[in-house]
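Please explain how this protein chain is put together, beginning with its overall layout and then moving to the places where its parts meet.

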Amino acid sequence: MEDTWERSIHLIHENGDWMSQLPENLWDVPLHNLSLPGSHDTMTYCLDKNSDISVNESKLLQLIDKFMPCIIHPIIMKWSITQVLNVSEQLDAGIRYLDFRIAHKPNDPSVKLYFVHMVYTTAVVEDILWEILKWLQAHPQEVVILACRNFVGLTKELHHHLVSCIKKIFHSKLCPKDVSADIISFRMIQ
């Protein structure tokens, strides 16, 4: 079994630079015409088992969890976890589309943003964005698409904070605003 696990870990790292190895005739194909591997609920590998259920979930589920947490919470955790690899491992495995469900925890006075899938993660959004930047710097020919959505509990100010973090962290690596998504190709963003 140990050999299988070590082989799996080795295979993960073999796909970290697959985009740069694409045949040159694919470099001009619009990205939306390529099949890019992605992960569903990318950040669920680090859900906080002590976290409350998201305010986005049904009031009934929240109520049942409040009175029977030892029964309901483990079930919710089992349903919610869709990934076991951390974000860098997913990128090393070839994932290029990251599904980020972003949230602000209720009653949290800070501007920290987390990820959520029924329950909140332990990971802070800004920390993960820095981790992705570090990965991109080590793999300069690769492209990563961040799909940010849900925005549970985000005020207008928190949303602006998120946008400014993305701009600050990725600045020159962001897709140019003046280029139509219909024509953006791998070559254009290299």
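Helices and strands here are runs assigned by DSSP, with at least four residues for a helix and at least two for a strand, and they are numbered from the N terminus. In this sense Ser-88 lies in helix 4, and every other element named below is labelled in that way. The model is a predicted one.

Counted by these rules, the secondary structure of the protein comes to six helices and five strands, and someone reading along the sequence meets them in the pattern α-β-α-α-α-β-β-β-α-β-α. The C-alpha atoms fill a box of roughly 60 × 50 × 25 Å, taken along the principal axes. Of the 190 residues of the protein, 42% count as buried. When contacts between residues at least 6 apart in sequence are considered, 74% of them join residues at least 24 apart.

A good place to begin is with a pair of helices. Helix 5, which covers residues 125-138, packs with helix 6, which covers residues 156-170, at an angle of about 20 degrees and with the axes 10 Å apart. Angles under 35 degrees count as roughly parallel, and helix 5 and helix 6 are therefore roughly parallel to each other. Their crossing is right-handed. On the side of helix 5 the contact is made by Val-125, Glu-126, Leu-129, Trp-130, Ile-132, Leu-133 and Leu-136, while helix 6 brings His-161, Leu-162, Cys-165, Ile-166, Lys-168, Ile-169 and Phe-170. Sorted by class, the residues of this contact divide into 11 nonpolar, one polar and two charged.

Another pair of helices meets in a different arrangement: the axes of helix 2 (residues 59-67) and helix 3 (residues 69-80) come within 6 Å and cross at roughly 130 degrees. That angle makes helix 2 oblique to helix 3. Helix 2 takes part through Leu-61, Ile-64, Asp-65, Lys-66 and Phe-67, and helix 3 through Pro-69, Ile-72, His-73 and Ile-76. By class, this contact of helix 2 with helix 3 has six nonpolar, one polar and two charged residues.

From the helix pairs we can turn to the interior. The largest nonpolar core has 25 residues, and of these Phe-100 and Ile-132 touch the most other members. Helix 4 (87-92), strand 2 (97-103), helix 5 and helix 6 each supply at least two residues of this core, and helix 5 gives the most, with seven residues. Which residues does Ile-132 contact, if its neighbours within four places in sequence are left aside? They are Val-87, Leu-91, Leu-98, Phe-100, Leu-146 and Phe-170. Apart from the largest core lies another core, of eight residues, among them Leu-61, Ile-76, Met-77 and Val-119.

Two further residues help the reader to follow the region around helix 4. Arg-96 is found in the loop between helix 4 and strand 2, and because its relative accessibility is 0%, Arg-96 counts as buried. Not counting residues up to four places away in sequence, Arg-96 touches Asn-15, Gly-16, Asp-17, Trp-18, Met-19, Pro-37, Leu-91, Trp-135, Glu-142, Val-143, Val-144 and Ile-145. The other residue is Ser-88 of helix 4, which is also buried, with a relative accessible area of 18%. With neighbours within four places in sequence left aside, Ser-88 is in contact with Glu-131 and Trp-135. Ser-88 and Gly-16 are 72 residues apart in sequence, and their C-alpha atoms are 9.5 Å apart in space.

Finally, what can be said of the backbone in strand 5, which covers residues 145-152 and includes Asn-150? Phi of Asn-150 is near 75 degrees, a positive value in a residue other than glycine. Phe-151 also lies in strand 5, and its phi is near 55 degrees, again a positive value in a residue other than glycine. A relative accessible area of 41% means that Asn-150 is partly exposed, and Phe-151, with a relative accessible area of 26%, is partly exposed as well.

Conventions
Residues numbered from 1 in each chain as written. Predicted model: local features only at pLDDT ≥ 70, side-chain atom pairs only at ≥ 80, totals over all residues. Heavy atoms only, no water. Axes fitted to C-alpha atoms, helices over the stretch in contact; angles between N-to-C directions. Parallel < 35°, antiparallel > 145°, perpendicular 65-115°, else oblique. Left-handed = near helix turned anticlockwise from the far one by under 90°. Contact = heavy atoms within 4.5 Å. Nonpolar A, V, L, I, M, F, W, Y, C, P; charged D, E, K, R; others polar. Core = buried A, V, L, I, M, F, W, Y, C linked by side-chain atoms within 4.5 Å. Buried < 20%, exposed > 50% of the residue type's maximum accessible area, 1.4 Å probe, protein only.
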